[in-house]
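This report describes one protein chain together with its ligand. The reader is invited to keep the sequence and the structure in view while reading.

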Amino acid sequence: MFMRALVTGGAGFIGSHLVDRLVSRGDEVLVVDNLSSGVLEFIQGHIDSGAVDFHQVDLKDLESLKPLLNGVEMVYHLAANPDIRLGTRITDTDLKEGTIATYNVLESMRLANVEKIAFASSSVVYGENAPMPTPENHGPCLPISLYGASKQAGEGLIGSWVGTFGLQAWIFRFANIIGERGTHGVIFDFIHKLKADPSRLEVLGNGLQEKSYMEVGDCVDAILHVIDNTDERINLYNLGSNDTCSVRNIAAIVVRETGCEGASIEYTGGDRGWAGDIPKAMLAINRLKELGFKVNYDSEEAVAHTARVLIQEIMG
Ligand code: NAD
C-alpha cells in the first residue's frame, strides 16, 4: 500500500524517524519543515537519493503551503514548537506554531481534497490529576500548559474537519518520546549540563517527577501499526510504554552512562520542573496493545538506550 505522504516537521526528531519508515516501505514522501528545530542532516540521505522531496516552508504561510498538498493521500502532521517551557515566557508561540499551523494544514487539505491526517498530540492534554494510567476516554481534558492547550485545540480542529468536511483522522497522544537524534528533553539537557561541568548536575524540581518514556522507534512503528489496523472516522490512541521512570532515576542513569560518577546531583526543589509541567504522567496503552502492538522498550530501558546514543552524538 504505497502512497504519497506529506510529513510536516519531517526534519525533526520524531518526524525524521517516521520519514525513514515511510521511505523504507516505498512511500513517496514530501517533507515540509521550516527547520526551526529540525535538522536537515537527519533526512539529507533521503533527499540526496531522491526518496524525499523537501520543502523549507513555514506552516504559518498558508499560500506557500496550499500547492504542496496537491496529489497527497496522507498527511502526518508533526510540526510544532517542541519546547513546553517556552510558554512560561512567550505566550503566543503555541497559538501560532500549534493552533494556527494546524488550521493551515487542515484548510490546505480541504482545498486539495486530501482526506487522511495523522496528528502528533500529547499526554499533556489530560492536564493535572488525571487517573494513572490515563485512558483515552478520560475527561474533561483541561491542559495546564499553553503547549497543551494548542494540542487540544489541534485535536478539536481536526474533529471539526472530520465532522464538517469528511476527513479521516488518527490522533496520537504521545508520552515522552526519546531516542536517537533527540534534540530536547530531560536526557538531552542532563548530558549537556554534565558536558559543561562533569562535577555537578542540576535537576529541576525535587526529582520525584515520574513519567512514562517511549523509544522513538517504538513510537513511529506504533503510529504506522495503528493506521494500518484501524478505520474509524476518528481514531484516538495513547502511545507510551508499560511503566514510568522517575527523574531521580534518569539522573542516576545519565551520570552512570557519562562516567561522571563523582557528580553531585542538586535538586532545585518543588514538585515540578516549571510552571505548567505535569509531575506524574502515565498513559494507558491497552487500546494500542489490543491492536496487537508490542512495545519493545520499557521506560528505564528506553532512558538507558537514549542516554548511550545521545552521549555518542553530543560528547563524541
Ligand atoms: P522537533 O522539534 O524535533 O520536531 C518538530 C519539527 O517541526 C521540527 O523539525 C521543526 O523545524 C518543525 N516546525 C516547527 N514549527 C514549524 C512551522 N511553523 N512550519 C514548519 N515546520 C515547523 O520535535 P519532536 O519531539 O520530533 O516532536 C514532533 C511532534 O510530536 C510535535 O508536534 C510535538 O509536539 C509532538 N510530541 C512530542 C513529544 C516528545 O516527547 N518528543 C511528546 C508529545 C508530543
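The sections below treat the ligand site, the aromatic rings, the charges over rings, selected residue pairs and the backbone. The model is a predicted one.

## The shell around the ligand

The ligand is surrounded by 31 residues, and those that come nearest are Phe13, Asp33, Ser37, Glu97 and Tyr147. Sorted by class, this shell contains 15 nonpolar residues, 11 polar residues and five charged residues.

Several elements of secondary structure take part in the shell. At least two residues come from each of α1 (13-24), β5 (116-122), α5 (146-165) and β7 (176-178). Strand β5 gives the most, with three residues.

## Polar atoms facing the ligand

Three residues illustrate how polar atoms of the protein meet those of the ligand. A polar backbone atom of serine 36 is found 3.0 Å from an oxygen atom of the ligand. Leucine 59 also takes part through its backbone, where an N or O atom lies 2.9 Å from a nitrogen atom of the ligand. Aspartate 58, by contrast, uses its side chain: a polar atom there lies 3.0 Å from a ligand nitrogen atom. The ligand taken alone exposes 820 Å², and 96% of that area is buried by the protein.

## An aromatic cluster

The structure holds two aromatic pairs. In the pair of tyrosine 103 and tryptophan 161, the ring centres are 5.8 Å apart and the ring planes stand at 80°, so the pair is edge-to-face. The cut-off behind this name is an angle over 60 degrees. Because tyrosine 103 lies in helix α4 (residues 93-112) and tryptophan 161 in helix α5, the pair ties together parts that are 58 residues apart in sequence.

Tryptophan 161 also pairs with phenylalanine 165; here the ring centres are 5.4 Å apart and the planes are at 55°, so this pair is tilted. Both of these residues belong to helix α5, where they are four residues apart, about one turn of the helix. Tyr103, Trp161 and Phe165 thus form one aromatic cluster.

Which residues of the cluster are buried, and which are partly exposed? Tryptophan 161 counts as buried, at 8% relative accessibility. Tyrosine 103 is partly exposed, with a relative accessible area of 31%, and phenylalanine 165 is likewise partly exposed, at 41%. The limit for a buried residue is a relative accessible area under 20%.

## Charges over rings

Aromatic rings also appear beside charged groups. The charged end of arginine 85 sits over the ring of tryptophan 274, at 4.8 Å from the ring centre. For arginine 287, the ring beneath the charged end is that of tyrosine 237, and the distance to the ring centre is 4.3 Å.

## Two neighbours and their distances

Glycine 185 is placed in the loop between β7 and α6, while valine 186 is in helix α6 (residues 186-196). Glycine 185 is partly exposed at 33% relative accessibility, and valine 186 is partly exposed at 23%.

How far apart are the C-alpha atoms of glycine 185 and aspartate 83? They are separated by 8.4 Å, although the two residues are 102 residues apart along the chain. For valine 186 and glycine 259, which are 73 residues apart along the chain, the separation of the C-alpha atoms is 18 Å.

## Points of note in the backbone

Most peptide bonds are trans, and most residues other than glycine have a negative phi. Against this background, four places in the model may be listed.

Two of them are cis peptide bonds. One runs from methionine 132 to proline 133, with omega near -10°; the other joins glycine 139 and proline 140, with omega about 0°. Proline 133 is in the loop between β5 and α5, and proline 140 is located in the loop between β5 and α5 as well.

The other two are residues with a positive phi. Leucine 35 has a phi near 60° and is situated in the loop between β2 (28-32) and α2 (41-49). Leucine 35 is partly exposed, at a relative accessible area of 23%. Asparagine 129 has a phi near 65° and lies in the loop between β5 and α5. At 73% relative accessibility, asparagine 129 counts as exposed.

Note on methods:
Residues numbered from 1 in each chain as written. Predicted model: local features only at pLDDT ≥ 70, side-chain atom pairs only at ≥ 80, totals over all residues. Heavy atoms only, no water. Near = heavy atom within 4 Å. Polar contact = N/O pair within 3.5 Å; in protein donor to acceptor, adjacent residues only side chain to side chain. Areas by Shrake-Rupley, 256 points an atom, 1.4 Å probe, with all protein chains shown as cover. Nonpolar A, V, L, I, M, F, W, Y, C, P; charged D, E, K, R; others polar. Phe/Tyr/Trp six-rings, centres within 6.5 Å; stacked < 30°, edge-to-face > 60°. Buried < 20%, exposed > 50% of the residue type's maximum accessible area, 1.4 Å probe, protein only. Lys NZ or Arg CZ within 6 Å of the ring centre and 35° of its normal.
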